[in-house]
Amino acid sequence: MQGKRSATIDAYSRVLRRITHQLDKLPDTLTNDDLKRYFTERIKRHSWKYREN
C-alpha cells in the first residue's frame, strides 16, 4: 500500500467502490473516459456554478 495511512486507503477504497457502483463496471475495466465522465457529472451535481435556479 506504498506506506499510505489506513485512513487514506479507506478513503480511496470508498471512492473506487462509489465509482464502480455508479458506472456498473469492475475497477480493472475503468477507462480514462469513464473517470472523466464520472467526475464531470459529480462536478455538475455538486457545483454551485452548474446548479439551476
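Trainee: How many salt bridges does a search of the whole structure find?
Mentor: Keep in mind that this is a predicted model. One bridge pairs Lys25 with Asp34, and another pairs Asp34 with Arg37. Searching the whole structure gives a total of 2.

Trainee: Which residues are linked in a network of salt bridges?
Mentor: Start with Lys25 and Asp34, whose closest N and O atoms are 2.7 Å apart. Then take Asp34 and Arg37, where the closest N and O atoms sit 3.1 Å apart. Put together, the network links Lys25, Asp34 and Arg37.

Trainee: Where do Asp34 and Arg37 both lie?
Mentor: Asp34 falls within residues 32-46, which form helix H2. Arg37 is 3 residues from Asp34, about one turn of the helix. So both lie in helix H2.

Trainee: Is Asp34 buried or exposed?
Mentor: Its bridge partners Lys25, at 29% relative accessible area, and Arg37, at 45%, are both partly exposed. Asp34 has a relative accessible area of 5%, and the cut-off for burial is under 20%. Therefore Asp34 counts as buried.

Trainee: What about aromatics: how are the rings of Tyr38 and Phe39 paired?
Mentor: The structure holds 1 aromatic pair. The ring centres of Tyr38 and Phe39 are 5.0 Å apart, with their planes at 80°. Planes over 60 degrees apart get their own class, so this pair is edge-to-face.

Trainee: And which residue of that pair, Tyr38 or Phe39, is buried?
Mentor: Phe39 comes out at 41% relative accessibility, so Phe39 is partly exposed. The other ring belongs to a residue with a relative accessible area of 2%, so the buried one is Tyr38.

Note on methods:
Residues numbered from 1 in each chain as written. Predicted model: local features only at pLDDT ≥ 70, side-chain atom pairs only at ≥ 80, totals over all residues. Heavy atoms only, no water. Helix = DSSP H or I, 4+ residues; strand = E, 2+ residues; numbered from the N terminus. Buried < 20%, exposed > 50% of the residue type's maximum accessible area, 1.4 Å probe, protein only. Phe/Tyr/Trp six-rings, centres within 6.5 Å; stacked < 30°, edge-to-face > 60°. Salt bridge = Lys/Arg side-chain N within 4 Å of Asp/Glu carboxyl O.
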